[in-house]
Amino acid sequence: MSIYLWGVITSILIYLLVGFYAGRKVKNVEDYYVSGRNASTFLITGTMFASMLSINGFMGDTAYAYSGYITSIVLINTICASGYVIGPLLFGRFIRRAKVNTMPSYFFKRFNSLRIKRFAGIVTVISLSAYFLSVIKGTSILMQSLTGFNETSALLISWGCIMIFTLYSGSKGVILTDTIMCIFFLSVTIVAGSYVFNSTGGIANLVTNLVNNPLAPDGMLSYKGIDNNSLFYAVTMGIIWMITVSVSPWQAGRNLMAKNEHVIFRSGVLTALITVLFLFYLYLIAISIIQINPNMQKPEEVIIWAAYKAMPEIVGMLLLTGIMAAGLSSASTFLSVVSFSISSDILDIKFKNEKKQLNFTRIVLFIFSIIILIIAHYNILSIRVLAWFASTIIAASWGYVAFASVWSKKLTERGAYYAMISGFLTFIIARFLKEYFDIPLENFLHPFFIATFVSILSGILGSQNQMKTKEEIKFQIFLHILPKKESNILDYKKDKIFAWIIIISGIIISILLINYWAFAYEDAINLKLSMKS
């Protein structure tokens, strides 16, 4: 057997053992759904970043950077990262106070509305099913290249790994394996990057080398990128993803597992920093490959090519299994969230005891995973269609409702329901018009912003001439009451340390980028022009 096959087998066995270990600690529904609400800062950070990065970060985002859009993708991630701070402060800590197991259940409690709960559950299932399907297909393709297995075998192995440890251990297993996988692919990528930089002229000379490389995309390191529209695109997509990570169930929903509200804030700070720093490092690896392999026909394979060609075999094997781990971790997150929403929010069956509810949830999870396996095997849905639903439809549907549910004194149940439905339908219609009729819905006319505007307008109009019920008012007041357990002064002092960490980090990162990117790029351009003249 090849070293790559051994790497896949070993990593899978480790993740399964961890999943079984976590599963033995599942005693009730709360353990299975939200990991007993006792997760530490370390675990919340690990699961949020692992589920966010996924295999798409290693392949899709790096392809975008390699193709000449590194300034755009860096700006997108920087703006997106702020959602990990804004989200906990304005939304995440409040849904934890609600003591719910799923995000749709929060909306049910807040608006005392079963129809909102079910519709939010449907949106969750549609969006994250597409995410799950795209990730499992990507993971199986990578496993196929690593092991030499055929497509069907690789897909079955990927599905089996994800399904087994998610089925048995639920959120307890997912959050633990996510964190282990996160540590693994972070560490391996950092080590692998050093080999890439050494083989491509060194990271200190990267800017100068790319400016003088005739095969590198012209202007890729300038602030506006290789075309005039990329800057506006980066700003709009950054805002979209900032809202997405603030309110989506696979990101903000992780706050339901936190030990306390201080964990929510601290993990948000750490996730924001990792998002900016690690992804920037990953993109530098991608554009470094331009020096030794420009104009790749499949730029999404740039990191995979580097693993095979630009580093020792053992390091390359670890890097590729790390990428596979990123895919497995994301897929397990999506599978668990979708299954929980189906069983708890959409079907909403009343059980005599928690054991029966737990068993039913596992049955739903298994059946749903089988359906996804069939769809993936027969390629029933195209990647293009998946991208529509898997992008930002949740944030477009309930982004406004999420924040307004905490802070608005006027939003009523009817307004919230209309806002969700109109946002959802408008996003789908706008995407359809953009994709099939080439209507230029770009930048601030992006389908997300159109859907958000319609959602807000529908929420305002729908709330007119309707009074909030006593239950709604009482629950909203309850959300703003700080629990006594959260008022420890020592905890707030630790929170201030994290606040200073992100402020100082922002200053240091800005200085480094200005000095080693902006000034270095300007010097390289001036030198190139002077040599020509």
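A helix, in the sense used on this tour, is a DSSP run of H or I that is at least four residues long, and helices are numbered from the N terminus. Please keep in mind from the start that the structure in your viewer is a predicted model.

**Stop one: the largest cavity**

Rolling a probe the size of a water molecule over the atoms shows where empty space is left. When the whole structure is searched in this way, three cavities of 30 Å³ or more are found, and the largest of them has a volume of about 120 Å³. To find the place, select Asn-101, Thr-102, Pro-249, Gly-253 and Val-337, which are the closest to the centre of this cavity among the 16 residues that line it. Next, colour α2 (29–34), α5 (103–111) and α12 (313–346), since these are the elements that give two or more residues to the lining. Which of the elements gives the largest share of the lining? That share, three residues, comes from α12. If you then colour the lining of the largest cavity by class, you should find nine nonpolar, six polar and one charged residues.

**Stop two: the second largest cavity**

Now clear the selection and pick Met-48, Gly-83, Tyr-84, Gly-87, Pro-88, Val-245, Ser-246, Ala-252 and Asn-255, which line the second largest cavity, a space with a volume of about 50 Å³. Two helices are worth showing here, α4 (83–97) and α9 (230–247), each of which supplies at least two residues of this lining. The largest share, four residues, comes from α4. By class, the lining of the second largest cavity has five nonpolar and four polar residues, with no charged residues.

**Stop three: Tyr-195**

Select Tyr-195, which you will find in helix α7 (residues 151–199). Is Tyr-195 buried, partly exposed or exposed? Its relative accessibility is 35%, and therefore Tyr-195 counts as partly exposed. Add Ile-292 to the selection and draw a line from C-alpha to C-alpha: the two residues are 97 residues apart in sequence, and 13 Å apart in space.

**Stop four: a nonpolar patch on the surface**

For the last stop, show the surface and select Trp-500, Ile-503, Ile-504, Ile-507, Ile-508, Ile-511, Leu-512 and Tyr-516, which form a nonpolar patch with about 850 Å² of accessible area together. One of these residues, Ile-511, lies in helix α19 (residues 489–532). Why does Ile-511 count as exposed? The reason is that its relative accessibility is 52%, and exposed means over 50%.

How values were computed
Residues are numbered from 1 along each chain as its sequence is written. This is a predicted model: local features need pLDDT of at least 70, side-chain atom pairs count only at pLDDT 80 or more; totals for chains, interfaces and linings use all residues. Side-chain values use heavy atoms; hydrogens and water are left out. Patches are made of residues with over 30% relative accessible area and no salt bridge: like charges are joined within 9 Å, nonpolar side chains (Val, Leu, Ile, Met, Phe, Trp, Tyr) within 5 Å. Accessible areas come from the Shrake-Rupley method with a 1.4 Å probe; for residues, only the protein chains shown count as cover. A salt bridge is a side-chain nitrogen of Lys or Arg within 4 Å of a carboxyl oxygen of Asp or Glu. Buried means under 20% relative accessible area, exposed over 50%, partly exposed in between (1.4 Å probe, protein chains only). On a 1 Å grid over the protein atoms alone, a cavity is a set of points where a 1.4 Å probe fits but cannot get out, and a pocket is an open set with protein on both sides within 12 Å along at least five of seven lines; lining residues have an atom within 4 Å of a point. Grid points are joined across faces, edges and corners, and a volume is the space filled by probe spheres set on the points. Ala, Val, Leu, Ile, Met, Phe, Trp, Tyr, Cys and Pro count as nonpolar, Asp, Glu, Lys and Arg as charged, and the others, Gly among them, as polar.
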